[in-house]
Amino acid sequence: MIEIRSSLLSSCAACCNVQVTFTRSLHLTVSSGRYATSVEIADAIPSTLLSGEASFICRVATGPQLSAAEREDVWQIFEDNMKGLYVKSIFGWDPPTKRHELFHRLARYILIYGPQTEQNGSASGQATLPLVAYVGFRFEDEDGENVLYCYELQVSNVSQRHGLGKFLMQQLSNVGRHWQMRKVMLTVLKANAAAKKFYESQGFTLDPSSPEYYGNVKLIQASGEPGESEEVCGKTAENGDDSWEDEDEAEDCDYEILSKAITGL
Ligand SMILES: CC(C)(COP(=O)(O)OP(=O)(O)OC[C@H]1O[C@@H](n2cnc3c(N)ncnc32)[C@H](O)[C@@H]1OP(=O)(O)O)[C@@H](O)C(=O)NCCC(=O)NCCS
């Protein structure tokens, strides 16, 4: 991969400016991340996790690699944790669409099974351990920037507040760093106060692509500088136009987009 990129850089140097060359090399990285195999991703993360006295097994899989039983486990944790929030949200409760998203060919998963005990431990392996947490993600290009988009982070009810969510987000940063992604991004419902607190504790902040972020920018612009057109909740309006009820629209959005830069690239 490095060889291909350096030859692209040198062959472009004569005809392209640096910015174009840089952008093209980034796209190449996203493509390679997009086709990263589960084995390659597994190499970038630990295979086990110790949390207090308990030990867990980590596994990496793509959406299509999950068996029917594993898909049901993934779905069950998602439904238990999220149905109540989704039914009241702008997204609604739409299992077919959500399942399609969850098990898409571009979806990648880090799954945690356990805890291992003396009874169910190494002899029986992961096959008999229950799924307790997972993170689903994709390599994406967001407005020309390479990002690792976290589509789903779920910890089963009884396993919450034991550091599994934190561990999974750390592994996302590790994977992102390995494939030279610029940041980890995610969408969180505003009503999901616990998750918002969790992401805040992990260093996530409002991303510039978040509807509310633009609402905040508009509030600043209203006191002075006119700007260019902005997109709020999928709608475009011109700054300086009094009829644009951007603040209301931002408030109508019941989700936020958060991100965290990947350091050490
Ligand atoms: C949100 C979630 C992923 C967090 O995972 P977790 O394993 O329970 O969290 P961790 O134990 O790793 O917590 C790390 C830190 O986050 C913060 N945190 C986690 N849950 C919190 C909560 N409910 N309220 C306040 N802070 C919280 C704390 O600072 C915590 O550190 P501490 O336990 O030492 O105080 C998990 O609770 C979950 O799956 N919730 C339901 C599904 C969900 O909302 N997913 C996110 C969708 S966007």
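The sheet in this predicted model is open and has eight strands in the order 1-2-3-4-5-6-10-7, with mixed pairing. At its edges are strand 1 (48-51) and strand 7 (205-206), each of which pairs on one side only. Two strands are said to pair if DSSP finds at least two bridges between them. Strands (E, at least two residues) and helices (H or I, at least four residues) are DSSP runs, numbered from the N terminus. In general, strands of a sheet pair through backbone hydrogen bonds, either parallel or antiparallel.

Residues are numbered from 1 along each chain as its sequence is written. Because the model is predicted, local features need pLDDT of at least 70 and side-chain atom pairs count only at pLDDT 80 or more, while totals for chains, interfaces and linings use all residues.

**Pairing within the sheet**

The table lists three of the strand pairs.

| Strand pair | Sense and bridges | Facing residues |
|---|---|---|
| Strand 4 (131-142) and strand 5 | antiparallel, ten bridges | Y134 and Q154 |
| Strand 5 and strand 6 | parallel, four bridges | C150 and L186 |
| Strand 6 and strand 10 (255-261) | antiparallel, seven bridges | L186 and L258 |

L186 of strand 6 is thus named twice: it is the bridge partner of C150, and it stands opposite L258 in strand 10. From strand 5 the chain passes through helix 6 to strand 6, and this β-α-β crossover is right-handed. That term applies if, with the strands pointing away from the viewer, the path from the first strand over the helix to the second runs clockwise.

Is strand 6 enclosed or open to the outside? Five of the seven residues of strand 6 (183-189) are buried, so this strand is largely enclosed by the rest of the structure. A residue is buried if 20 or more other C-beta atoms lie within 10 Å of its own, exposed if 12 or fewer, and partly exposed in between, with C-beta atoms placed from the backbone.

**The surroundings of the ligand**

The ligand is surrounded by 18 residues, of which the closest are Q160, G165, K166, A194 and K197. A residue is near a molecule if its C-beta atom, placed from the backbone, lies within 6 Å of it. Strand 5 (145-155), helix 6 (164-178) and helix 7 (193-201) each supply at least two residues of this shell. The largest share, five residues, comes from helix 7. By character, the shell divides into seven nonpolar, eight polar and three charged residues. Here Ala, Val, Leu, Ile, Met, Phe, Trp, Tyr, Cys and Pro count as nonpolar, Asp, Glu, Lys and Arg as charged, and the others, Gly among them, as polar.

**Backbone details**

Most residues other than glycine have a negative phi, and most peptide bonds are trans. In strand 3 (108-116) lies P115, and the peptide bond from G114 to P115 is cis, with omega near -5°.

D143, in the loop between strand 4 and strand 5, has a positive phi near 50°. D143 is exposed, with 7 other C-beta atoms within 10 Å. R161 has a positive phi near 65° and lies in the loop between strand 5 and helix 6. R161 also counts as exposed, with 10 C-beta neighbours inside 10 Å.

**A residue of helix 4**

R71 belongs to helix 4 (68-87) and is partly exposed, with 14 other C-beta atoms within 10 Å. Leaving aside neighbours within four places in sequence, R71 is in contact (C-beta atoms, placed from the backbone, within 7 Å) with L66 and F103. The C-alpha atoms of R71 and R99, 28 residues apart along the chain, are separated by 8.8 Å.

Technical notes
Two residues are in contact if their C-beta atoms, placed from the backbone, lie within 7 Å.
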